[in-house]
Amino acid sequence: MKYFTTPIYYVNDAPHIGHAYTTITADAVARWSRLRGDKTFFLTGTDEHGLKVQRAAEENGITAQEQADRFAVRFREAWQLLDISNDDFIRTTEPRHYTAVQKLLQACYDNGDIELGTYEGFYSVADEAYVTADEVSELERLGRSVISMEEENYFFKLSRYGDRLLEWYESHPDFVQPDVRRNEALGFIRQGLKDFSISRTSIDWGVPIPWDSAHVTYVWFDALTNYLTAAGYGTGDGQFAERWAGATHLIGKDILRFHCVYWPAMLLSAGLEPPRHIYVHGFLLVGGEKMSKTRANQIAPADMVADFGVDGFRYHLLRDQPFGPDAPFSYEGMVARYNADLANNLGNLLARVAAVVASKCGGVGPAPAADGPLAQVAADVYAATAEAWRSMAPSVALEATWRLIREANSHLEANEPWKSDPGPEVDAVMGDALEVLRLVAVLADPAMPRTCATIWSRIGLEGSPADVRLPEAVEWGRYPGGVPVVKGAPLFPRITA
Ligand code: MSP
């Protein structure tokens, strides 16, 4: 079983394209997994407790619960707009989550890893994290509010887990990917780990500590547990073990320490295994900077969809933002990529094929030849595409898939079927081109499900590419022929910037 998760997003703010990036990537990977026939469960959701949300509610003159309700809807709507295929949407204010958080807390407590202590120091509200005196001036320079506080807190005894974490990393070399992030996490662990605070008495917007209701859980212990809740931990859901064994988290680099250091230690303490994989990506930079509320440089997904369509936007994020490093996000870059790959390459291929089938083949698609000249390229492209999806490299996967489109366009240009008389030669060229369109509809489906379903029906196929299974579906020669091919409106009209 494959269990893919995104971070759960704070409800202090509206969804922006940075959130969309992680969510679309996880969606595409989950769709690829379903195409492979793997049992797949895909989770996203919202992080609703903590000071940050409470403050946003105060600014908006509403209760924290109202703030959470309003903004959770905005995330749900954004993901619907973007065709996100999540199987569950978790909100940390749900009763099932309270049950799971309390169960995990109790397990760690019973194991002796949670102790009472006094916290005296600074807290960054924006990061929902305790910070050192050295970090305060830098955070204040960035306009992030830092408060000083002293209160009785429960602490998780992270300091006991250094060796066990190092052992885990050693025996699971692909636990955290890519390697630079793995090394970053190892660096944190080797520096020596400090216990961290997991509860607060000064706020009440959170899950109560089961053995001491004067305290509520500090937001990261609460937030991380969402992955267990949705898998069925604490609610007696029989699927829990199977789901948890396949857990793969996708996260941004900003939350690496919590996921790659705190989280595995918490799980080990409770007698659970850490997740199978954590994939860490960089930021989309707008004008060279990370998007944030304070910088007011956030871009809403809906604005991009208005200009590029859902699939134009999805394709851009997956193709142009290699998973791993930071990458600049630019409107000009989006226009260039859209025109080159979508309007010209893919859009043109479909339009040309439909036009020639209409004029030379009576509107009926011919079958491909068993050993068509593009069969070998198609096999190579499939192998490269599959390997790239497997290793969480959507940009590489799409680059590989687009090679097949370019080869098919070149094949058409070399044969110029539009200049020939109808007959077996034209049919052979068109059968091969239709087979390429069928294969591309399958291979690009995780990135552009809507477009691929349109291609599928225009070339006369029943159902949708999401219904097929790999690898059988990409065997050369499965396009049946003898089915109607429909000309339609351009898939991707050219955009002038
Ligand atoms: N609520 C916590 C996560 C808890 S997970 C148990 C949180 N929320 S957040 O709303 O701030 O979202 C953080 C995540 O959004 C990042 O890890 C990343 O996945 C995504 N991104 C936010 N800004 C981004 C960019 N500019 N670029 C790419 N992804 C970004 O932290």
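This passage describes the nonpolar core, the ligand shell, one helix and one loop residue of a predicted model. Residues are numbered from 1 along each chain as its sequence is written. In this predicted model, local features need pLDDT of at least 70 and side-chain atom pairs count only at pLDDT 80 or more, whereas totals for chains, interfaces and linings use all residues.

The largest nonpolar core, a core being a set of buried Ala, Val, Leu, Ile, Met, Phe, Trp, Tyr and Cys residues joined through C-beta atoms within 7 Å, has 143 residues, and Val353 and Leu437 have the most contacts inside it. The largest share of this core, 12 residues, is supplied by helix H16 (residues 424-443); helices (H or I, at least four residues) and strands (E, at least two) are DSSP runs, numbered from the N terminus. When neighbours within four places in sequence are left aside, Leu437 is in contact (C-beta atoms, placed from the backbone, within 7 Å) with Leu349, Leu350, Val353, Ile455 and Ile459.

Around the ligand there are 20 residues, counted as near if the C-beta atom, placed from the backbone, lies within 6 Å of the molecule, and of these Pro7, Gly18, Thr22, Asp47 and Gly252 come nearest. At least two residues of this shell are supplied by each of strand E1 (2-10), helix H1 (17-35), helix H8 (219-224) and strand E12 (247-252).

Helix H7 (residues 179-190) has 12 residues and reaches 16 Å from its first C-alpha to its last, close to the 16 Å expected at 1.5 Å a residue, the expected span being 1.5 Å times one less than the number of residues. Its buried residues are Arg181, Arg182, Ala185 and Ile189, where buried denotes 20 or more other C-beta atoms within 10 Å of the residue's own, exposed 12 or fewer, and partly exposed a number in between, with C-beta atoms placed from the backbone. These buried residues lie on the same side of H7 because they cover an arc of only 105° around the axis, taken from the directions from the helix axis to the C-beta atoms. They pack against helix H6 (162-171), strand E7 (176-177), helix H11 (256-269) and strand E13 (277-281), while the face turned away from the buried side carries the exposed residues Asp179, Asn183, Gly187 and Arg190. Just after H7, Gly192 takes a positive phi of about 105°.

In the loop between strand E6 (146-156) and H6 lies Leu158, which counts as buried because it has 20 C-beta neighbours inside 10 Å. Apart from neighbours within four places in sequence, Leu158 is in contact with Leu193, Lys194, Asp195, Phe196, Tyr262 and Ala265.

How values were computed. Contact = placed C-beta atoms within 7 Å.
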